[in-house]
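Visitor: Please give me a close look at a single part of this structure. Pick one strand and follow it into its surroundings.

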Amino acid sequence: MIEISEEAYDGPAGSVLVAAMHQEIIDRYAGETADWTEEELAADEAAHFAEVTPEQTRRPLGAFLVARIDGEPAGCGALKPLGDGTATGEIKRMYTVPDARRRGVSRAILLRLEEIAAELGYERIQLETGTAQPEALALYESQGWERIEPYGRYKAEPSSRCYAKRTVAS
């Protein structure tokens, strides 16, 4: 059974899960960054970690969820304000540990984040993922998310795929 709780983004489980997610992203997109300099890689990593702060993932702004199976951290996901002055939230840091995949963890996290977004008054939520994450693309499309124009720091990346969804409260 999947248990989901709101926890600190920078807490013990969150720190481990976010670090594992970041390493997987590095591995999946290694072909796109193979010719980057050390400075470019370091700048990209700094920008990645600056996208989400612990304060943004706490109520009343957002939330950070940890899913557990048999008490062990199995996945995570965050909701934060998009920061564009609208009533739009952004889903970030969606991740499921490899041993827990294909068990509904990401779907359960996503559904709870959608509920929290409505509770917090977000009228719309959006997210960015990429073509090297086909399971993420399938999840979002199966849950009624619609493709939108790329935005944010990945908007010029050919592999970037962005999605949005109206919340139930809107």
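**Strand 3 and the core around it**

Guide: Start with one pairing: in strand 3, Leu 79 is the bridge partner of Ala 63. This is a predicted model, in which local features need pLDDT of at least 70 and side-chain atom pairs count only at pLDDT 80 or more, while totals for chains, interfaces and linings use all residues. Residues are numbered from 1 along each chain as its sequence is written, and side-chain values use heavy atoms, with hydrogens and water left out.

Strand 3 covers residues 72-81. Strands (E, at least two residues) and helices (H or I, at least four) are DSSP runs, numbered from the N terminus. Eight of the ten residues of strand 3 are buried, meaning under 20% relative accessible area with a 1.4 Å probe and protein chains only.

Strand 3 has a partner in strand 2 (residues 63-69). The two run antiparallel over seven bridges. Two strands count as paired if DSSP finds at least two bridges between them. Two residues separate strand 2 from strand 3 in a hairpin. Asp 70, in that turn, has a positive phi of about 55°.

Strand 3 also pairs with strand 4 (residues 88-96). This pairing is antiparallel too, over six bridges. Leu 79 takes part again: its bridge partner in strand 4 is Ile 91.

Now the side chains. In soluble globular proteins, nonpolar side chains tend to be buried together. A nonpolar core here is a set of buried Ala, Val, Leu, Ile, Met, Phe, Trp, Tyr and Cys residues joined through side-chain atoms within 4.5 Å. The largest has 24 residues, and Leu 79, Tyr 140 and Trp 145 touch the most other members. Strand 2, strand 3, strand 4, helix 4 (105-119), strand 5 and helix 5 each give two or more residues to this core. Helix 4 provides the largest share, six residues.

Tyr 140 is in contact (heavy atoms within 4.5 Å) with Met 94, Leu 110, Leu 127, Thr 129, Trp 145 and Tyr 163, leaving aside neighbours within four places in sequence. A second, separate core has eleven residues, including Ala 13, Met 21, Phe 64 and Ala 78.

Leu 110 is one of the buried residues of helix 4; Ile 109 and Leu 113 are also among them. Helix 4 is followed by Gly 121, whose phi is positive, near 90°.

Technical notes. Buried < 20%, exposed > 50% of the residue type's maximum accessible area, 1.4 Å probe, protein only.
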